[in-house]
Structure formats: structure tokens, C-alpha cells
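Q: Please take a close look at the aromatic rings in this model, and describe how they pair and what surrounds them.

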Amino acid sequence: MEEKLEALNKAILSDPGGRGVRHFHVHGDFRLAAVQLFEAESVGIVFGFPCNNEYPYIETDGPPGAIAIARSLLSLGKKVVFIIEEDYKAEVETLLESFSGRMAGTLPITISYNTVQPDLKKFIGQFDHLLAIERVGRASDGKYYTMSARDVSHRCQPIDDLFDLAEVLGVTTSAIGDGGNELGMGKMFSSISAMGKTQQKIACVTKATNMIAAGVSNWGGYALCAALYLLEAPKGDHITMLWSSLDEKLIQEAMGKIRILCGITKIPGKVDALNLEEHIKVIEELQRVAGTPIP
């Protein structure tokens, strides 16, 4: 089991964007995040990086990973809530509905952050675990930046406050990122800031209990699905749904229809400038490690 979990983590550390993800890899955090998510009963998931100029602004990295994790958790009987910006809530709900045939019989609840902001303490109290995946994070100057240091603060609500308060309240948090400017990456702020002037400016200061670095953030989500599958194995049943190449193809098509675009190329059908085939290679490797090939 331990070797397989380590192999899953290793599979997502390839660095196609050359962002130096191994510099902010935290050994052991992937396993901890997987185990704690497996044991949780109620999970809040945060995502959305508004780096595109075209509505709905968010990019193709993040939503698939969030949906993949949600599906696995729902299949295990967990409560799952998406906590997102009001700006793109309708598009996320449309995306979920178009993908509903591939879900575990139910969809996650979708909540706009602004509706819970007045009483965050009460809201956080319903969760055992908070997870962020490819959610832009607050920098040391209080602003929110893309990898090229473009300020996108005008499109961001202070969802970081959820994680700051969770730390105070003792609620476990995990975060997945591929650039160091994502919510939760503050756990390795010093290492990320030391990578260069741009990284020093954009590095997120908000911490997560567990921090997962990945070459593409979606891959971190898919790897967690495979880890949940492995953790379920001793019980004798495999109800956790792994992410497949068909899932990837369908979700990219669905995102294209509602103009959720690649954050780098600004076109549909790519994630972090990588073609579908590149993502399928990683998905198939995760399946191989889990011991379950899925078309």
C-alpha cells in the first residue's frame, strides 16, 4: 500500500511546464491528504483560477480535478460541497449537469462563497476537511497573481479566509497546486519565494495542513482518486470511481462548450497547454499503479 501511494505521488511530479514543482514537494503530504479525506465525512472543495479575460474567466485546470475528487468521495458516501465564486457558479453547475451521467448517482452541492462569508465559523463547522485545487491564493501583498504576475485580484473573493480560519479551528486542510501561487501553497512559501523574483511576488502565503505539488493540478486530483481506491481495497469492495481517459475526453469537451479555456493558450481542449493525449498518459499511469485499467 505505502509503495503504491508513493508511486501515485511520483507519477504526478513530472513537470511539463518547467515550474520546478519538485522544489515545493512535501514528502508524505500526499498520503496524509488521501487518508484524511478517506476518513472524513464532509468535505468542502475550493477551486477556480480566473486567469482568462473571457467569461467565465476560470481555466481548464482545476474543475476536472475537483469533479474527479468529488465523484470519488460521493461514491464513498461522503458529503461534498463546492465553494466557489458567484461569477462562475452557473457555469460550474452547467458543467456538473452535463457530466452527471458519469457521476456517482448524485452531484456535489455548489455554494457561492459570498453567501457564507458573513459567518465563516459556523460554515466551516460542518466540514471535517477542506480541499483546494488550483485555486488562486493570496500573495504577501494581499493581491492575487497569475504565473506571469498579472494581478487578477478584481476577480477574486477572499476564499483564503476559509483556510486561515480552519487552521485556527483545527479543521484539516489540503491543497493541490502546480505553480506556488495557489491557495495552500504557503506551507512552502520560503522555498517558492526563493525560486526567483516572479515567484517571490506571486507566492501564496495561505497555508494548508497538507500540500500536494503536481505538474498539472488536475493530476493531483486524479491521483487522490486512485489513492482513495487503494485505501478502500482492504474492505473488499471497490466502489470508488477512478478517473478514466473517457472521463477526461468528456470533461474537456464539456468545458469547451461553455468556454472554459486553457489558462495558457486561451483555447478550449487543452489544459496547461497540453493536449488530451498528454493527460491520458498520466491517467493511465495512475490506473496502472492502482491496478485497474479503465477505458
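A: What follows goes through the aromatic pairs, then the charges over rings, and then a loop residue and the largest pocket.

The model is predicted, and the structure holds five aromatic pairs. One of them is formed by Phe-47 and Phe-82, whose rings are arranged edge-to-face, at 4.9 Å centre to centre and with 80° between the planes. Phe-47 belongs to strand S1 (residues 42-48) and Phe-82 to strand S2 (residues 79-84), so this pair ties together parts that are 35 residues apart in sequence. Phe-47 and Phe-82 are both buried.

Another pair, that of Tyr-222 and Trp-243, is stacked, with 5.2 Å from centre to centre and 10° between the planes. Here too distant parts of the chain are linked, since Tyr-222 lies in helix H10 (residues 217-232) while Trp-243 lies in the loop between H10 and helix H11 (245-257), 21 residues apart. Tyr-222 counts as buried because its relative accessibility is 2%, and Trp-243 counts as buried because its relative accessibility is 3%, where the cut-off for buried is under 20%. Together with Phe-99, Tyr-222 and Trp-243 form one aromatic cluster.

Rings also meet charged side chains. The charged end of Arg-155 is placed over the ring of Tyr-57, at 4.1 Å from its centre, and the charged end of Lys-78 sits over the ring of Phe-38, at 5.6 Å from its centre.

A further aromatic residue, Phe-189, appears among the contacts of Val-205, which, leaving aside neighbours within four places in sequence, also include Arg-138, Ala-139, Ser-140 and Gly-186. Val-205 is found in the loop between helix H9 (197-202) and strand S6 (210-213), and its C-alpha atom is separated by 5.9 Å from that of Ser-140, although the two residues are 65 residues apart along the chain. With a relative accessible area of 31%, Val-205 is partly exposed.

Turning to empty space, the largest pocket has a volume of about 220 Å³. Of the 16 residues that line this pocket, Cys-51, Thr-146, Met-147, Gly-263 and Ile-264 are the closest to its centre. Sorted by class, the lining of the largest pocket consists of eight charged, four polar and four nonpolar residues.

Terms used
Residues numbered from 1 in each chain as written. Predicted model: local features only at pLDDT ≥ 70, side-chain atom pairs only at ≥ 80, totals over all residues. Heavy atoms only, no water. 1 Å grid on protein atoms, 1.4 Å probe; cavity = no way out; pocket = protein on both sides within 12 Å on 5 of 7 lines; lining within 4 Å. Points joined across faces, edges and corners; volume = space filled by probe spheres on them. Nonpolar A, V, L, I, M, F, W, Y, C, P; charged D, E, K, R; others polar. Phe/Tyr/Trp six-rings, centres within 6.5 Å; stacked < 30°, edge-to-face > 60°. Helix = DSSP H or I, 4+ residues; strand = E, 2+ residues; numbered from the N terminus. Buried < 20%, exposed > 50% of the residue type's maximum accessible area, 1.4 Å probe, protein only. Lys NZ or Arg CZ within 6 Å of the ring centre and 35° of its normal. Contact = heavy atoms within 4.5 Å.
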